[in-house]
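Notebook open, structure loaded. I want to go through the sheets, then the helices, then the charged pairs.

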Amino acid sequence: MTETIVILDFGSPYSPLIARRVRESQVYAELLPWDTPESAVMAHNPEGFILSGCLRSALEPGAPVLPGYVIQSRRPILGIGSGMSALVLALGGRMTSTAAQKYDLHRVNIPCSSRILQVGDDPRVWMSCADRVDAVPEGFQILASAADCPIAALGDGNRDYYGLQFHPGLEFTPAGRQIIARFVRGVCQCSGDWTAQAIIDHAVRQVRTQVGDARVLSTVSGGVDSSVATALVSRAVGDQLSAVYVDTGLMRKDETQWVRKAFQDKLGANLHCVDAAETFFFNLQGITDPEAKRRVIGETFIRVFEATTHNLGDPPFLVQGTIYPDVIESRNLQQGDARPIKTHHNVGGLPEAMDFELVEPLQNLFKDEVRVVGEALGLPSELVWRQPFPGPGLAVRCLGEVTPGRVEKLRQADAIFTEELAHAGLLVYRQGEEKQGTAQAFAVLLPVKTVGMANNQRTYEEVIALRAVTTTDFMTADWARLPDELLARVAYRIVDEVQGVNRVVYDITSKPPGTIEWE
């Protein structure tokens with residue numbers, strides 16, 4: 001049985017990042033609402049518990065509390081933010097609520113080393129200060145302090161209970177990886193059996209159990225997620241699988257040719273290509289709302305696949321490359337305090353009634369895990385490390401109405417940006433390499449026009465925004481500091497070569513508060 005750390009989620013937006021940090025230590029993390037029934041939680045036989053933070057004070061009426069069985073289990077516990085408050089309260093300590101929930105950068109002082117904090121750790125942390133510890137529970141010691149937070153970390157080494165007022169899941173806490181690893185591998189004594197091969201073996205067993213001897217249809221787009229999902233299912237069921245690529249008319253430049261070559265020449269997959277551009281553009285007529293676009297695209301995808309299946313033996317199963325961030329951003333994970341960010345076409349955008357049962361072997365994996373699995377499956381490097389591309393394609397980068405003419409403008413501008421980044425060696429991004437490029441970079445067509453000059457004449461044309469980010473998890477991201485000369489060259493080429501565009505801007509918004517995509 002796979003070693004598991006259970007994360008009881010009190011509603012923090014950072015809970016998924018904690019799970020990712022645990023998995024970086026090669027230990028499986030299961031994220032569950034704090035009020036999940038005891039039987040369902042303990043069925044995972046957790047090696048330890050992590051309590052996430054909350055969007056409100058632990059002292060508010062109705063705030064999440066630490067379930068009694070967690071203490072009774074006598075397993076290691078790490079409370080983070082409000083999770084620390086819940087742990088302190090459950091063990092008889094005292095808390096005081098501060099004026100307001102506040103997140104900010106702090107520097108902590110670690111007077112001596114413990115099992116989770118070490119003297120010499122990077123002192124920078126991202127801290128929430130909704131509650132303050134007034135009295136620590138019996139047996140606890142103060143492990144770290146900050147200028148305006150006397151108890152920034154505490155612990156009871158005899159019972160293996162620890163609390164952090166700051167968030168180790170965020171990049172803003174540089175020592176976060178080591179802190180989580182110390183708890184998971186040191187305190188909980190996990191050996192680390194969540195490897196790429198273990199993920200593959202688990203997924204193969206699940207797929208075989210789900211589909212049996214039935215035929216399976218897989219959606220492929222040429223992107224990382226759908227490609228890895230297809231390869232996984234292919235390993236599980238072999239020639240029971242047929243792959244279908246739908247040309248929506250919303251793809252990047254030369255995308256259809258690239259997908260044909262990748263799947264037929266390099267993967268040997270049985271690929272069927274469907275030209276459905278006319279259908280997608282017809283269904284998107286007059287629609288400008290981002291959520292409406294995603295719903296229309298999600299349903300159109302399903303209807304196209306349903307029509308395709310008649311020539312492929314009417315397979316009852318449909319493979320999708322849905323990954324964990326898609327699910328997190330589309331659903332509230334059954335948590336009352338978590339709120340959806342946007343609907344992904346392959347999650348909340350799907351129609352309620354359809355002829356398929358979904359097979360989603362990646363739905364519990366983060367993007368970096370998907371890439372590692374892809375490499376372990378032997379997929380080509382240029383496919384595994386390809387930049388992400390949204391399922392709805394250029395439709396969610398074409399702000400406003402989606403028309404063939406506007407999409408073509410965007411496609412040309414995006415190709416120019418991609419080409420220049422590639423020439424500068426900044427298009428490919430791989431974790432662990434000394435020189436890193438952009439994790440995701442693309443162009444966006446804005447639904448506004450600006451005045452310009454061309455050939456000594458006034459122009460009134462549309463605007464292209466460029467977006468490039470660096471990230472390790474796609475849950476948080478920072479804008480890429482691209483060379484001025486590169487941006488100037490891209491802007492000049494777009495205005496010169498793309499008819500109907502006379503201005504280029506660069507997006508310098510991080511995630512949060514923005515998302516990576518504009519829609």
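Before counting anything in the sheets, I fix my term: two strands pair if DSSP finds at least two bridges between them. I also note that this is a predicted model.

**Entry 1: the nine-stranded sheet**

I started with strand 1 (residues 4-9) and strand 3 (residues 48-51), which run parallel and are joined by four bridges. Looking for a register marker, I found Ile 7 opposite Ile 50 in strand 3.

Then I traced the whole sheet. It is open, has nine strands in the order 2-1-3-4-11-10-9-6-7, and its pairing is mixed. At the edges I have strand 2 (28-33) and strand 7 (124-128), each paired on one side only. On average, neighbouring strands in this sheet are turned by 30° against each other, if I ignore direction.

What lies across strand 4 (77-80) at about 125°? That is helix 4 (residues 82-90), which also lies across strand 3, strand 10 (149-156) and strand 11 (161-164).

**Entry 2: the five-stranded sheet**

Next I looked up the sheet with the order 14-13-12-15-16, an open one of five strands with parallel pairing. Its edge strands are strand 14 (271-275) and strand 16 (357-359), and each of these pairs on one side only. I get an average turn of 30° between neighbouring strands here, direction ignored.

Inside this sheet I checked strand 12 (residues 216-220) against strand 13 (residues 241-247): they pair in the parallel sense over five bridges. Leu 217 stands opposite Ser 242 in strand 13.

Helix 6 packs on the sheet and touches strand 12, strand 15 (317-319) and strand 16. I read its direction as making about 165° with that of strand 16. Helix 7 lies across strand 12, strand 13, strand 15 and strand 16, and runs at about 160° to strand 12.

**Entry 3: helix 12**

Is helix 12 (residues 367-376) mostly covered or mostly open? I find it mostly covered, with seven of its ten residues buried. My list of the buried ones reads Lys 367, Asp 368, Glu 369, Val 370, Arg 371, Val 373 and Gly 374. As for what they pack against, I noted helix 1 (15-24), helix 6 (196-211), helix 7 (224-237) and helix 13 (381-384).

I picked the pairing with helix 6 for a closer look. Helix 6 and helix 12 pack at an angle of about 85°, and their axes are 9 Å apart. The cut-off I need is that angles of 65 to 115 degrees count as roughly perpendicular, so helix 6 and helix 12 are roughly perpendicular to each other. The contact takes Ala 196, Ile 199 and Ile 200 from helix 6 and Val 372, Val 373 and Ala 376 from helix 12. I sorted the residues of this contact and got six nonpolar, no polar and no charged.

Just after helix 12, I flagged Gly 378 for its positive phi of about 85°.

**Entry 4: salt bridges**

My search of the whole structure gave 27 salt bridges. I wrote up three of them.

The side chains of Glu 171 and Arg 21 meet at 3.1 Å, N to O. Glu 171 sits in the loop between strand 11 and helix 5 (176-187) and Arg 21 in helix 1, so this pair ties together parts that are 150 residues apart in sequence. Glu 171 is partly exposed at 34% relative accessibility, while Arg 21 is buried at 2%.

Glu 369 and Arg 23 form a salt bridge of 3.0 Å, N to O. Here too the link is between distant parts of the chain, with Glu 369 in helix 12 and Arg 23 in helix 1, 346 residues apart. Both Glu 369 and Arg 23 are buried.

My third one is Glu 299 with Arg 303, whose closest N and O atoms are 3.4 Å apart. They are four residues apart in helix 10 (residues 290-309), so about one helical turn separates Glu 299 from Arg 303. I put Glu 299 down as partly exposed at 36% relative accessibility, and Arg 303 as partly exposed at 33%.

Last item: salt bridges with shared partners join Arg 20, Arg 21, Glu 24, Glu 171, Arg 177 and Asp 368 into one network.

Conventions: Residues are numbered from 1 along each chain as its sequence is written. This is a predicted model: local features need pLDDT of at least 70, side-chain atom pairs count only at pLDDT 80 or more; totals for chains, interfaces and linings use all residues. Side-chain values use heavy atoms; hydrogens and water are left out. Buried means under 20% relative accessible area, exposed over 50%, partly exposed in between (1.4 Å probe, protein chains only). Helices (H or I, at least four residues) and strands (E, at least two) are DSSP runs, numbered from the N terminus. Contact means heavy atoms within 4.5 Å. Axes are lines fitted to C-alpha atoms, for helices over the stretch in contact, and angles run from 0 to 180 degrees between N-to-C directions. A salt bridge is a side-chain nitrogen of Lys or Arg within 4 Å of a carboxyl oxygen of Asp or Glu. Angles under 35 degrees count as roughly parallel, over 145 as roughly antiparallel, 65 to 115 as roughly perpendicular and the rest as oblique. Ala, Val, Leu, Ile, Met, Phe, Trp, Tyr, Cys and Pro count as nonpolar, Asp, Glu, Lys and Arg as charged, and the others, Gly among them, as polar.
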